[in-house]
Amino acid sequence: MTKYSIFTIARNALTGHKNWPRQWRSPEPAKDYEVIIVGGGGHGLATAYYLAKEHGVRNIAVLEKGWFGGGNTARNTTIVRSNYLWDESAAIYEKSLQLWEGLSQDINYNVMLSQRGVLNLAHSLGDVREGVRRVNANRLNGVDAEWLDAEAVKEFCPIINISKDARHPVLGATLQRRGGVARHDSVAWGFARAADSLGVDIIQNCEVTGIHQENGRVVGVETTKGTIKSKKIGLVAAGHSSVLAQMAGVRLPIDSHPLQALVSEPIKPVIDCVVMSGAVHVYVSQSDKGELVMGAGIDSYNSYAQRGSFHVIEHQLGACLELFPIFSRVRMMRSWGGIVDTCPDASPIIGKTPVEGLYVNAGWGTGGFKATPGSGWCFAHTLATEQPHPLNAPFSLDRFTTGALIDEHGAAGVAH
Amino acid sequence: MLHISCPWCGPRAETEFRYGGEAHIARPQKPDELDDQQWADFLFMRTNTKGAFAERWYHSHGCRQWFNVIRNTVSHQILAVYKTDEKRPDFPIKGGV
């Protein structure tokens with residue numbers, strides 16, 4: 001792998017940028033792998049990377065039915081934060097944020113992490129109590145968090161409307177200064193390039209159509225490129241997790257829904273932080289290109305279509321204008337949907353399944369992007385050692401049997 | 001936006017309805033005899049079908065009746081609407097259509 005640096009940029013500038021090497025190979029699948037990862041999004045690619053880097057496993061395939069990073073990795077609003085309420089969630093999301101902070105150096109790829117601060121607004125007394133409680137919980141868990149009153153919110157984000165006459169006035173907000181945004185495509189490309197350089201085969205246009213088992217354990221997968229053998233298979237397929245698990249006869253507590261987002265035409269820099277409101281329900285940031293990036297809640301119905309209903313977008317734009325009247329004449333350019341895998345407790349499932357050798361990393365629902373490195377790191381540990389890491393042990397599939405749910409509907413910030 | 005035909009009120013916009021998730025999840029006949037695994041199956045595990053999916057809708061801003069719909073979760077096409085005491089019409093589950 002050519003190391004990217006200012007010198008390689010200078011050297012390639014001299015030759016008109018015509019001699020950059022390909023960033024990754026496009027191999028045909030081998031007959032047999034030590035580990036197969038199904039799903040080449042951010043989480044799958046991160047899993048492969050950490051498996052190779054931290055655990056020395058090199059004989060890995062990542063199978064992607066389309067092109068990698070073409071699903072939810074490219075369909076989110078790129079927000080990164082770790083201010084979750086419960087100890088279990090704070091630990092795993094904070095691990096992820098710490099990995100984010102060194103990621104560009106680690107994988108030698110600029111993921112453009114911008115720690116511009118994330119505000120979570122409170123609009124009612126209940127919201128205020130919940131917000132202050134979460135700030136305290138975060139601090140006890142070593143996660144940076146501050147409580148801002150309405151005036152301090154206005155100072156931090158001057159274009160926000162804190163008028164008391166608003167139907168749902170801003171009463172305050174939690175602030176995580178280390179939160180922010182990252183460049184979603186770079187995350188997929190960077191992990192792909194780094195994993196590829198460690199010998200991982202990333203195979204695109206290779207859809208898994210069946211999972212082979214012998215005596216209750218997995219032995220391989222059937223794909224559109226033929227049969228591929230492996231005794232260890234990790235499913236990291238987000239919205240399609242249930243479909244894949246069903247191939248192995250495993251039922252998951254997951255419902256797939258569309259989650260829509262949209263961007264405006266590019267405008268000059270106007271908002272230099274991330275603003276989220278669970279109550280009026282919208283989240284807004286501004287991309288480096290100048291587009292306002294927005295999202296809100298899921299569409300209510302189950303769906304595998306990467307699109308949703310228009311009234312959901314109308315609702316979030318109503319909320320946006322309530323908070324930012326200044327945006328009233330901004331035109332929206334594009335909207336899209338991703339299929340999110342929602343769990344009943346708004347927490348992920350990372351661990352074993354009842355089938356020997358079959359592992360699942362799913363249920364990240366509406367908030368998986370921020371967890372990309374941490375999720376891959378934990379899942380790699382689980383696949384390599386066949387035991388969950390203490391960070392992901394609470395997020396097992398059997399918590400739905402034991403009842404030890406991790407209810408993060410509040411901190412998830414997206415209604416479902 | 002979906003256009004849903006309520007069995008009582010006829011075709012209406014999706015915004016008049018609330019979604020009720022997967023249909024035909026039968027309440028356990030003898031709840032005191034269920035073990036934890038069976039409770040987990042009943043409470044949490046879902047089919048999450050890709051294709052023809054039987055689901056419940058509630059006409060919350062209309063007649064306030066529950067009913068069932070079979071909808072293709074890939075194309076969003078509504079294949080059948082039927083009352084809760086009627087048998088599920090037979091549609092093969094088929095993805096990608």
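## Pairing around strand β13 of chain A

Two strands count as paired if DSSP finds at least two bridges between them. In this predicted model, strand β13 of chain A (residues 255–266) and strand β16 (residues 291–298) meet that condition, with five bridges in the antiparallel sense. One place to look is A:Pro266, whose bridge partner in β16(A) is A:Glu291.

β13(A) also pairs with strand β17 of chain A (residues 332–342), and here ten bridges hold the antiparallel arrangement. If you would like a residue pair to centre your view on, A:Gln260 stands opposite A:Gly337 in β17(A). β13(A) is mostly covered, too: of its twelve residues, eleven are buried.

## Strand β1 of chain A

Strand β1 of chain A covers residues 35–38. A:Val35 and A:Ile37 point one way from this strand, while A:Ile36 and A:Val38 point the other way. Residues on both sides are buried.

The partner here is strand β2 of chain A (residues 60–63), which runs parallel to β1(A) and is joined to it by four bridges. Within that pairing, A:Ile37 stands opposite A:Val62.

## Helix α4 of chain A

Helix α4 of chain A takes in residues 125–140. At 1.5 Å a residue, its 16 residues should span 22 Å, and the end C-alpha atoms are 23 Å apart, so the two values agree. Just after the helix, A:Gly142 takes a positive phi of about 75°.

Which residues of α4(A) are buried? They are A:Val128, A:Gly131, A:Arg134, A:Val135, A:Ala137 and A:Asn138. An α-helix has 3.6 residues a turn, so residues three or four places apart point the same way. The cover over the buried residues of α4(A) includes three strands of chain A, β4 (118–122), β5 (146–149) and β6 (172–176), together with helix α11 (409–412).

## Chain B as a whole

Turning to chain B, you will find one helix and six strands. Read from the N terminus, the order is β-β-β-α-β-β-β. The C-alpha atoms fill a box of roughly 45 × 35 × 20 Å along the principal axes.

Chain B has 97 residues, and 40% of them count as buried. Of the contacts between residues at least 6 apart in sequence, 48% join residues at least 24 apart. The chain exposes about 5600 Å², with 46% of that supplied by carbon and sulfur atoms. As for charge, there are 13 positive and 12 negative side chains, and the centres of the two sets lie 7 Å apart.

## Helix α1 of chain B and two loop residues

B:Phe42 sits in helix α1 of chain B (residues 36–43). Leaving aside residues up to four places away in sequence, B:Phe42 touches B:Ile25, B:Ala26, B:Arg27 and B:Pro28. B:Arg27 is 15 residues from B:Phe42 in sequence, and their C-alpha atoms are 7.7 Å apart.

Two residues of chain B that are not glycines have a positive phi: B:Asn48, at about 50°, and B:Arg64, at about 60°. B:Asn48 is found in the loop between α1 and β4 (52–58) of chain B, and B:Arg64 in the loop between β4 and β5 (66–72).

Are these two residues buried or exposed? Buried means under 20% relative accessible area and exposed means over 50%. B:Asn48 has 1% relative accessibility and therefore counts as buried, whereas B:Arg64, at 59%, counts as exposed.

How values were computed:
Residues numbered from 1 in each chain as written. Chains lettered and ligands numbered in written order. Predicted model: local features only at pLDDT ≥ 70, side-chain atom pairs only at ≥ 80, totals over all residues. Heavy atoms only, no water. Helix = DSSP H or I, 4+ residues; strand = E, 2+ residues; numbered from the N terminus. Buried < 20%, exposed > 50% of the residue type's maximum accessible area, 1.4 Å probe, protein only. Contact = heavy atoms within 4.5 Å. Areas by Shrake-Rupley, 256 points an atom, 1.4 Å probe, with all protein chains shown as cover. Lys, Arg positive; Asp, Glu negative; His and termini not counted. Charge placed at Lys NZ, Arg CZ, Asp CG, Glu CD. Expected span 1.5 Å × (residues − 1).
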